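Student: I would like a close look at one part of this model, the sheet, and at what can be followed outward from there. Please keep it to geometry and give the cut-offs.

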Amino acid sequence: MNKQALAAKIWESANRMRSKIEANEYKDYILGFIFYKFLSDNEVRYLKSIDWTDEFLPEVTEEDKETVTNVQQNLGYFISYDNLFSTWLKKGADFSVSNVTDALAAFNRLINPYHKRVYDKIFNTLETGLSKLGENTGAQSKAIRSLIDLIKDIPMDGKQDYDVLGFIYEYLISNFAANAGKKAGEFYTPHEVSLLMSEIIARHLKDRDHIEIYDPTSGSGSLLINIGHCATKYIGKENCVKYYAQELKQNTYNLTRMNLIMRGILAANIVTRNGDTLEDDWPYFEDEDPDATYKRLYVDAVVSNPPYSQVWDPTGKETDPRFASYGLAPKSKADYAFLLHDLYHLKSDGIMAIVLPHGVLFRGGEEGTIRKNLIDQNNIDTIIGLPANIFFGTGIPTIIMILRKNRTNDDVLIIDASKGFEKEGKSNKLRACDIKKIVDTVSARKTVENFSKVVSRQEIRDNDYNLNIPRYVDTSEKPENWDIYASMFGGIPANELNAFQKYWDAFPALKSSLFTTENGAYYQPSVSDLHSALLQDPDVQDWQKQYQGILKSFDSFLSKELIDQMMTVPLAKEEDVLSAELFNSMKGLPILDPYQSYQYLDTAWRKISQDLEVIQTEGPDIIRKIDVLTETKSKGGKSSFEWGGRVLPFDLVQNALLTDKVQALQEGEDRLQEIGSSLESSLDDLDEDVKEGADFLNDAKDSFVPAAVEKTLKAKAASDETLVVLKNVKKLFTEEKALKKDLKKGKEDLEVKTKEVIEHLSDDEAKALVKQKWVNALLKELAQQQSDQLEDFGKKLEALTQKYSITLSDLGEQIQTTEKELQGMLDELTGSEFDEKGIAEFKKLLGEA
């Protein structure tokens, strides 16, 4: 089971098990137990690395001071054998809630003092909440047993090169957030927003050997982790990031620490604090001396998603160095207070990204003053308007603001990304192509029509320091216009055809081959079928061939990158390599949107990378591995199995290597449908009177009953004509029964044969099938993009032609003709005295019209 399937299984079970417990609370229990399992398994792995064996693990106790000290110094904590997660599992029915409370108390007692800040009280939320899992110790023990049994299959043995644990942890947090309502904002920033901010920051930091990053409202820690992951991808070495995290709420603070620790980050690189960011400035240089002077810590990057428009107390903070140069945020809205705190801790060449409500761009008063100072001091680098309804628990419009201290450019990049998203349930979600387009625009710092604009500070000053995005970037949809002349006399206005200028530029002869004009202002179609003529245009056909050539080259590139180097593909960086090649290949090719192509690539890469993770971890032979998906036992105790390939789907193998068997089954399925249609036709052959009194039909009189048909035929209890129909029906039922039996056996035989084929694939056959799954499927999507583009263009041209095909004069004539026809029909109507009066009045109205 891959990590996606395992995460989905755990979530489904956990959501069912939580019953009436709020998602916001239940997450603390299951995530707490996952973390304890991680620490427990991590210790067992360490002990085995220093020559402890399963046989002697029971001797790992607190009394063994030497081992306790050894483990504490290397891991930062110690767990005795009796308190290991694996020991809990072995207890079976003897396990009780007391085992958990004893283990957590011992854990707190046995933390290495040097690692106190990282681990101290990290299980408090779990420990204090155990009572909510049941009304008594018996119910609590049962609930906990179910929980630990649910998560026992999460691999934490260190053999995985890919982050299964981190993926599952993030997946669960995301799903709990989706079910937690407004409380979700306290602990989770949607992964896509986090990834967007991380990519922007990581690109800025990519040339550094070591970086320090800080999140003053860290929530679950996902923002920090994503930045660290992205930065490591660019820097290319491990343990090069130091993480600072501060969080106000104790339970959320615990999530931060758990999440950071489980990602394999060295404890020495994790500095966390449970406190109020605005009331008590942090981070700062630590000093053993209690009388040491406060020393501000400067970091390379700050990222935050603070609570929106939170009330705070600015009293006495006029001289606070965080705010002194810019002003104090109003008491009712702390948005700019968080921003200035972040900016204060940036190095001179650092970068920060913060999520804020849209109102910070234009609200006046104290916020207007701060905004003016930020612009005058040239700190605001980029503003990104996000889609509405993108955060859990709130639908308010939000932005990401990028700021730096010492900037050489004298402008602000403003991006309106509010239109780029996909619907997911009740929320909106940034797609991979949306994220890439935003990140590329920020990196290139460019103006893109209807998307972004590089705005001078003077223009912002001329707008009274108002940064409201629509003032600078117009993404509103143009209202549909109706040309008066064309509406009266027909023809297509030149300006409406010019809306397709990118097509006319790409295909120079196309416009004149599809349309004619006498005056250059209005055009008439010169062909009866615009779409067919479009596809036959030489320029269009050359463009199609050019794209096919691009796809052929990309096919070769993908095969070399993914198939030939399957075991060595660097998963963290490979999507960037593939996308760079795709964008480079499409450079100079008009019409097609490379970001849509990238979306296809990203969707494909998610599946490809899952397979590569498994193959690189378990070896190429895993391609020939078959898993039992389900086992069903008959009443006689005989088992039947549903199988699936670990990497290769059965249907892919069947369509590639077992086509004869697949075709035979398909022919059988087709014949079954024909039999069903024939039975329906036979039903139509019966008179309605016969149907009404027929015993050989069901109660609804819409299908035959086989046993009753047989009985009627034997008794000849129907007319000769009806018996002829029933004989044919019986024949069809007999064939249908035999065919269903054959199809069932055929499918079973095909499953067995497919299993055998996969298990005995040669290396070349295995690679060819993997290529079909990965490369061919992606290329098919990319090829379809071209067809869809032409199809869409053709439909728009036809719609525009239809728009002016009927003039108002034509409509007037049609109305008059219809009125005359209606008057004639009214003349033929008769009725009561009142009907006659009503008809006469209606005719008068028509006459007036």
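Student: In which sense do strand β6 and strand β8 pair, and over how many bridges?

Tutor: Strand β6 (residues 380–385) and strand β8 (residues 411–416) pair in the parallel sense, over four bridges. Within this pair, I384 has I415 of β8 as its bridge partner. This is a predicted model, in which local features need pLDDT of at least 70 and side-chain atom pairs count only at pLDDT 80 or more, while totals for chains, interfaces and linings use all residues. Residues are numbered from 1 along each chain as its sequence is written, and side-chain values use heavy atoms, with hydrogens and water left out.

Strands here are DSSP runs of E, at least two residues, and helices are runs of H or I, at least four, numbered from the N terminus; two strands pair if DSSP finds at least two bridges between them. The β6–β8 pair belongs to an open sheet of nine strands with mixed pairing, in the order β3-β2-β1-β4-β5-β7-β6-β8-β11. Its edges are β3 (270–274) and β11 (452–456), each of which pairs on one side only. From one strand to the next, the twist averages 15 degrees.

At the β3 edge, helix α12 (residues 250–262) lies across β2 (241–247) and β3, running at about 175 degrees to β3. Such angles, from 0 to 180 degrees, are taken between N-to-C directions of lines fitted to C-alpha atoms, for helices over the stretch in contact, where contact means heavy atoms within 4.5 Å.

Helix α12 also leads to a void. There is one cavity of 30 Å³ or more, and the largest cavity holds about 40 Å³ of space. A cavity is a set of points on a 1 Å grid over the protein atoms alone where a 1.4 Å probe fits but cannot get out, and lining residues have an atom within 4 Å of a point. Points are joined across faces, edges and corners, and a volume is the space filled by probe spheres set on them. The lining of the largest cavity consists of D28, I122, T125, L126, N251, N254, L255 and M258. Helices α7 (124–129) and α12 are the elements giving two or more residues to it, and α12 gives the most, with four. By class, the lining has four nonpolar, three polar and one charged residue; Ala, Val, Leu, Ile, Met, Phe, Trp, Tyr, Cys and Pro count as nonpolar, Asp, Glu, Lys and Arg as charged, and the others, Gly among them, as polar.

Terms used:
1 Å grid on protein atoms, 1.4 Å probe; cavity = no way out; pocket = protein on both sides within 12 Å on 5 of 7 lines; lining within 4 Å.
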